[in-house]
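Student: I would like to work through the contacts of this chain one residue at a time, with the cut-offs stated as we go. Could we begin with the structure itself?

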Amino acid sequence: MTSRLVPEDFASKSWRLTSISSLLTTPWAVERLRFFSDVACMTEITDEGKWSASSTGSGQGPEHVQEADNTYWNSTCTEFCCGTWIGVDYPEPHEVRCALLDLPPNTEEAPLALQVWKDGNWVNVATVPGR
């Protein structure tokens with residue numbers, strides 16, 4: 001499953017995807033996460049960023065979410081996963097206008113928020129409702 005998020009206008013070095021539901025019954029996972037500088041998701045931001053996550057379960061580390069190689073990152077929580085996240089810190093600020101998220105097969109679609117670091121706080125700029 002691929003989800004497309006189109007955030008508001010923000011330029012920042014730090015972007016992350018955060019679980020916003022405490023109702024998940026399994027760890028949420030990300031196969032691939034890509035950020036784009038245009039709303040059509042055509043111009044991918046290719047700067048080398050430092051990927052990190054709140055936790056890593058049985059999948060690969062968060063740095064593998066940029067690769068199209070059937071690896072994935074997943075959180076360690078099995079319930080009450082609200083607030084678990086995966087994100088990137090770029091060397092220079094970027095205005096992300098689109099984010100594409102691919103989930104591994106048979107993964108529960110979690111309600112998620114795309115967040116940007118602004119003025120010392122994480123700010124929600126787009127959401128995916130989940131199922």
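Student: Leaving aside neighbours within four places in sequence, with which residues is Ser14 in contact?
Tutor: Please keep in mind that this is a predicted model, in which local features need pLDDT of at least 70 and side-chain atom pairs count only at pLDDT 80 or more, while totals for chains, interfaces and linings use all residues. Residues are numbered from 1 along each chain as its sequence is written, and side-chain values use heavy atoms, with hydrogens and water left out. Ser14 lies in strand E2, where strands (E, at least two residues) and helices (H or I, at least four) are DSSP runs numbered from the N terminus. With contact taken as heavy atoms within 4.5 Å, its partners are Val88, Asp89, Gln115, Val116, Trp117 and Trp122.

Student: With which side chain does the side chain of Ser14 make a polar contact?
Tutor: A polar contact is a pair of N or O atoms within 3.5 Å; within protein, one must be able to donate a hydrogen and the other to accept it, and residues adjacent in sequence count only if both atoms are side-chain atoms. For the side chain of Ser14, the distance is 2.5 Å and the partner is the side chain of Asp89.

Student: Is Thr18 buried or exposed?
Tutor: Thr18 is also placed in strand E2, and among the residues it touches beyond four places in sequence are Trp28, Trp85 and Leu112. Buried means under 20% relative accessible area and exposed over 50%, with partly exposed in between (1.4 Å probe, protein chains only). Because its relative accessibility is 4%, Thr18 counts as buried.

Student: Which elements give two or more residues to the largest nonpolar core?
Tutor: A nonpolar core is a set of buried Ala, Val, Leu, Ile, Met, Phe, Trp, Tyr and Cys residues joined through side-chain atoms within 4.5 Å. The largest one has 23 residues, and those with the most contacts inside it include Trp15, Phe35 and Leu114. The elements asked for are strands E2 (11-19), E4 (32-36), E7 (85-95), E8 (98-102), E9 (112-118) and E10 (121-128).

Student: How many residues apart in sequence are the parts that the disulfide pair Cys41 and Cys98 ties together?
Tutor: A disulfide is a pair of cysteine sulfur atoms within 2.5 Å, and Cys41 and Cys98 form one with their sulfur atoms 1.6 Å apart. Cys41 lies in the loop between E4 and strand E5 (50-53) and Cys98 in strand E8, so the parts tied together are separated in sequence by 57 residues.
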